[in-house]
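The following exercises are to be worked with the sequence and the coordinates at hand. Each task is followed by a solution in steps.

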Amino acid sequence: MRTLGTRPLALLLLQAQGGAATDSDSSTAIVVLVARSSLVSKGVLLLLALLSIVSWSIILYKLWSFRRSARQSATFLDVFRRSNKFSEVQAVCRSLGDSPLVGLFQSGYAELTAQLRQTAPPESAPAGSHPRAPAARPTLKSLPAVDRALMRASTVEVNKLERRVGFLATTASIAPFVGLFGTVWGIMVAFQGIAATGSTNLGVVAPGIADALVTTAAGLFAAIPAVYFYNLLTQRVKMFASEMDDFAMEFLNIAERNFT
């Protein structure tokens, strides 16, 4: 009875060890499968690998860049709202150049300064004239011109934020179709093997079907992260654009209150 009781346990242990060995060798099997795949399948996998590498490079760079821009924008807004003069804000712009609000402020400040210089009163009166009256406060000639300058700067900054993000949409669109091309090619290879041997044995159709499944998985591996992070980064760009719109209105309110 003891011998009969221990024999099934020994068989289960042997099966478990065999399963563990199979799991540990799965990665090696995939590498061997790719190495034995057809030239077309290797080309498809290489193209998908390049798309994935470039996509992840853009994703990581944009996440770092947007985090830095958000941090500098918060610092810039704090300085802007605590300062009493635009010249004080201008002095810190160089150290916060990654914030899109800085480009917006500099464009509006340049237009504001140009208009105020045109309306500034003369500094001295000619000899023999009556005593000069107190200098009038400089005023803006056109507040809509400042608004247009802010709108142009906002468009430029949004274009900077969106740079390279479109590649993720391209990858998300074409990667599944590239993988599908590899899938169709692998199935064609499998059918050619059947036609050449006249047999549907697994050893005949397995290489082509394996190529088809590997390219399908590679296409999804490249496309799914690209879709997710494209939507995420696009949403972040919209948040930056909304923040720039709010800042433009705040800048215009200050300009209207002090220079009109």
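**Exercise 1.** Determine whether Lys 62 is buried or exposed, and which side chain of opposite charge is nearest to Lys 62 in this predicted model.

*Solution.*
1. Locate the residue: Lys 62 belongs to helix H3, which covers residues 39–82.
2. Assess its environment: Lys 62 is buried.
3. Search for a partner: the nearest side chain of opposite charge is that of Glu 162, at 9.3 Å. A salt bridge requires a distance within 4 Å, and Lys 62 therefore has none.
4. List the contacts, leaving aside neighbours within four places in sequence: Lys 62 touches Lys 160, Leu 161, Arg 163, Val 165 and Leu 233.

**Exercise 2.** Describe helix H6 by its span, its buried residues and its two ends.

*Solution.*
1. Span: H6 comprises residues 143–162, 20 residues in total, and extends 29 Å from its first C-alpha to its last. The expected value at 1.5 Å a residue is 28 Å, which is close.
2. Buried residues: these are Ala 145, Val 146, Ala 149, Leu 150, Ala 153, Ser 154, Glu 157, Val 158 and Leu 161.
3. Reading the spacing: an α-helix has 3.6 residues a turn, so residues three or four places apart point the same way.
4. N-terminal end: Ser 142 acts as a cap, with a side-chain oxygen 3.3 Å from the backbone nitrogen of Ala 145.
5. Beyond the other end: Arg 164, just after H6, adopts a positive phi of about 75°.

**Exercise 3.** Carry out the span and burial analysis for helix H5.

*Solution.*
1. Span: the 19 residues of H5 (100–118) reach 28 Å between the first and last C-alpha, close to the expected 27 Å.
2. Buried residues: among them are Pro 100, Leu 101, Phe 105, Gly 108, Leu 112, Gln 115 and Leu 116.

**Exercise 4.** Why does Phe 191 count as exposed?

*Solution.*
1. Position: Phe 191 is part of helix H7, residues 166–197.
2. Criterion: the relative accessibility of Phe 191 is 55%, and exposed means over 50%, so the residue counts as exposed.
3. Spatial relation: Ile 209 is 18 residues away along the chain, and the two C-alpha atoms are 9.5 Å apart.

**Exercise 5.** Summarise the chain as a whole: how many helices and strands are there, and what percentage of residues is buried?

*Solution.*
1. Secondary structure: the chain has 8 helices and 0 strands.
2. Burial: 32% of the 260 residues count as buried.
3. Contacts: among those with a separation of 6 or more, 79% join residues 24 or more positions apart.
4. Surface: about 16,400 Å² is exposed, and carbon and sulfur atoms supply 64% of this area.

Technical notes: Residues numbered from 1 in each chain as written. Predicted model: local features only at pLDDT ≥ 70, side-chain atom pairs only at ≥ 80, totals over all residues. Heavy atoms only, no water. Helix = DSSP H or I, 4+ residues; strand = E, 2+ residues; numbered from the N terminus. Expected span 1.5 Å × (residues − 1). Buried < 20%, exposed > 50% of the residue type's maximum accessible area, 1.4 Å probe, protein only. Polar contact = N/O pair within 3.5 Å; in protein donor to acceptor, adjacent residues only side chain to side chain. Lys, Arg positive; Asp, Glu negative; His and termini not counted. Contact = heavy atoms within 4.5 Å. Areas by Shrake-Rupley, 256 points an atom, 1.4 Å probe, with all protein chains shown as cover.
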